[in-house]
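I opened a new structure today and kept notes as I went. Here is the entry point.

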Amino acid sequence: MDFDLIIKNATIVTASEVLQPGLSIGIKNGIIVAIALFLPVGASTKVVDAEGAYVTPGGVDSHVHLHQDNAPTGDKWLTGSRSALAGGTTTILAFATQSRTQESLFPVVKEYHSRADGQSYIDYGFHLILTKPTEKILQHELKAMVDQEGITSVKLYMTYPAMKLGDGDMLEIMMQARALGVTTMIHAENSDMIDMITSRLLRNSRTLPKYHAIARPQIAESEATNRAISLSTLTSTPILIVHMSSPVAISHARKAQSKSLLPVHAETCPHYLYLLSSKLAATSVPAALAPEPHSPSHSPSHGGGEEEEEEEVEDEWAGARHVCAPPLRHSTSDLQSIWDAMLNGTITTVSSDHAPSLYNSPGGKRKPLIDAAASQTVPTFAQIPNGLPGLETRLPLLFDAATNVDTPPSRRLSLPKFVELTSTNPARLYGLSGRKGTIAPGFDADITIWYPSPGHTGVAEGGLTITNDMLHHSIDYTPFEGVKVCNWPRYTILRGEVKWDRDVELREGHGRGILGSPGDGRYLKRGKGEVLVGRTGQLPPGMREGERDEWAVWATHD
Ligand code: DUC
Ligand code: ZN
Ligand code: ZN
């Protein structure tokens, strides 16, 4: 048998180890079939020489919003998946959302398939956002989603009028999710706290983007996280709390994990590791991003240091570009607590939560300004669409933490930890074990290759500075503009084929470096996630043995 592709001289990184340098990976029909010190090159075998490079599993980004109702949709499947590919990611899980008027999930999923069909450069799957869990959905359709569609995860919102669920609905969904082995993701923020603060801020003319962070304080995240954990404890349902940003909220997850009452998983995102809420107070933008009637005035930017001065224009709405929920937090010690939680194992997965809006567009982050001008009202932070772009920058930012010698120890990931958080764990948590998330025989040959030595990689000595120009999404900014990283994937390989080569020039219509095409990505029917089942037969804390029979009536029967 000739291999289709051999990656030779590889230093393979898995979630458990960095393997000895010099191994070859043999790939046939898109699958890794052999790993050995020597593999024979056949007449038709292509060879990639990974001498000096780290070879990691393709990224799995398990929290992405593309072409979604009820969410910013600045990127659709084509541009979003292209951007992911260029950043080393080979699998994305995006959301299909039920609207409150839809009583059945089948048309929802059909619609979202039609949006993604033939558009994705990389493999993909869906989570379902449940906004109206009817009896029919809970008793029949969720199971059909698992069996027929391979959709084995749901997201529940504790905030936002169009999506928010009460505790009763959450409990009913959790009971069913436990029975079906469905992974339950939760957006945990207390909506009443947010609404109360927001209306009082607005009444007092605190309307600028910077008030967004004040309106969504850490206690709103912490209360909802604690409540979600209580609901999951009562129902013995494992949960996964998404986009965690606050130390106190994380401490609730850690406490639940360490008492091992039941599995509570936690996700964070690069923006909660790197960016502070002071970004929301920005009052100028680079001239190139200036909204129309403004004219350039003054002031150099202070992005990265030695680069030439870039003209900026005043724009009191500039901070809107950093509006996301939960919001960016206040202090470097907040950021450090997220790093600590990754390093001590509380946080088990890092996604991008790519949910972008254009800045400079009527439907985007400046929408409140544009609407207000038309209606002669005051624009407010509460009208800014939430969410940031981040699909393409997720892996380079975290790979930097794993390989940059200048990274302080408190923010240093090991290479196996990098792989675990960005690929292996998300694959396992969402039912892709055995196919995605590691480099081993039998797995899809989804592989990212990083050449760290200067001169070997296309990455300039000393690293590179992230700019929006170099990215492949369709968004007019990146929140990481000016951030330096020491490396970037040179190759991204999807099921055995090189689909991204950083050194390749622009292909008309695709963007620089892109070798793949929309439609290369396959829909993934997923199995059940390895979130572990909750306690079986163990009473929730505080219940007495004498109550066991009664507990069994509601906890184990329909
Ligand atoms: N929740 C998300 O999951 N993403 C973007 C914004 C939000 O509120
Ligand atoms: Zn969310
Ligand atoms: Zn999200």
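My notes follow, one topic at a time.

**Status of the model**

I am working with a predicted model. I keep that in mind for every entry below.

**The ligand**

I asked which residues surround ligand 1. I listed His65, His187, Val242, His243 and Cys324. I then added Ala325, Asp353, Ala355, Asn386 and Gly387. I sorted this shell by class and got 4 nonpolar, 5 polar and 1 charged residues.

**The sheet**

Next I traced an open sheet of 8 strands. I read its order as β6-β7-β8-β9-β10-β11-β12-β16. The pairing is parallel. Which strands stand at the edges? I found β6 (59–64) and β16 (349–350) there. Each has a single partner strand, so one side of each is left without a neighbour in the sheet.

I then looked at one pair inside this order. Strand β11 covers residues 239–241 and strand β12 covers residues 264–268. They pair in the parallel sense over 3 bridges. I picked out isoleucine 241 and looked for its bridge partner in β12. The partner is alanine 266.

**Helices α3 and α4**

I moved on to helix packing. Helix α3 spans residues 135–149, and helix α4 spans residues 167–180. Their axes come within 11 Å and cross at roughly 45 degrees. That angle makes α3 oblique to α4. I noted the crossing as right-handed. From α3, the contact uses Leu138, Leu142, Lys143 and Val146. They meet Glu172, Ile173, Gln176 and Leu180 in α4. By class I have 5 nonpolar, 1 polar and 2 charged residues in this contact.

**Helices α4 and α7**

I stayed with α4 and turned to helix α7, residues 218–235. The two axes come within 10 Å and cross at roughly 45 degrees. α4 and α7 are therefore oblique to each other. I recorded a right-handed crossing here. α4 brings Asp167, Met170, Leu171, Met174, Met175 and Arg178 to the contact. α7 brings Leu231, Ser232 and Thr235. I split the contact of α4 with α7 into 5 nonpolar, 2 polar and 2 charged residues.

**Helices α12 and α13**

My last helix pair was α12 (residues 394–403) and α13 (residues 415–429). How do they run, parallel or antiparallel? I read a packing angle of about 155 degrees, with the axes 9 Å apart. An angle over 145 counts as roughly antiparallel. α12 and α13 are therefore roughly antiparallel to each other. α12 passes α13 in a right-handed crossing. On the α12 side I wrote down Arg394, Leu395, Leu398, Phe399 and Ala402. On the α13 side I wrote down Leu415, Phe418, Leu421 and Thr422. These contact residues divide into 7 nonpolar, 1 polar and 1 charged.

**Backbone entries**

I finished with the backbone. Most residues other than glycine have a negative phi, and most peptide bonds are trans. I looked for departures from that.

Which form does the peptide bond from alanine 325 to proline 326 take, cis or trans? I found it cis, with omega near -5 degrees. Proline 326 sits in the loop between β15 (311–314) and α10 (332–343). I had already met Ala325 around ligand 1.

Glutamine 376 was my other entry. It is not a glycine, but its phi is positive, about 60 degrees. I placed glutamine 376 in the loop between α11 (367–375) and α12.

Technical notes: Residues are numbered from 1 along each chain as its sequence is written. Chains are lettered from A and ligands numbered from 1 in the order in which they are written. This is a predicted model: local features need pLDDT of at least 70, side-chain atom pairs count only at pLDDT 80 or more; totals for chains, interfaces and linings use all residues. A residue is near a molecule or strand if its C-beta atom, placed from the backbone, lies within 6 Å of it. Ala, Val, Leu, Ile, Met, Phe, Trp, Tyr, Cys and Pro count as nonpolar, Asp, Glu, Lys and Arg as charged, and the others, Gly among them, as polar. Axes are lines fitted to C-alpha atoms, for helices over the stretch in contact, and angles run from 0 to 180 degrees between N-to-C directions. Helices (H or I, at least four residues) and strands (E, at least two) are DSSP runs, numbered from the N terminus. Angles under 35 degrees count as roughly parallel, over 145 as roughly antiparallel, 65 to 115 as roughly perpendicular and the rest as oblique. A crossing is left-handed if the near helix is turned anticlockwise from the far one by less than a right angle, and right-handed if clockwise. Two residues are in contact if their C-beta atoms, placed from the backbone, lie within 7 Å. Two strands pair if DSSP finds at least two bridges between them.
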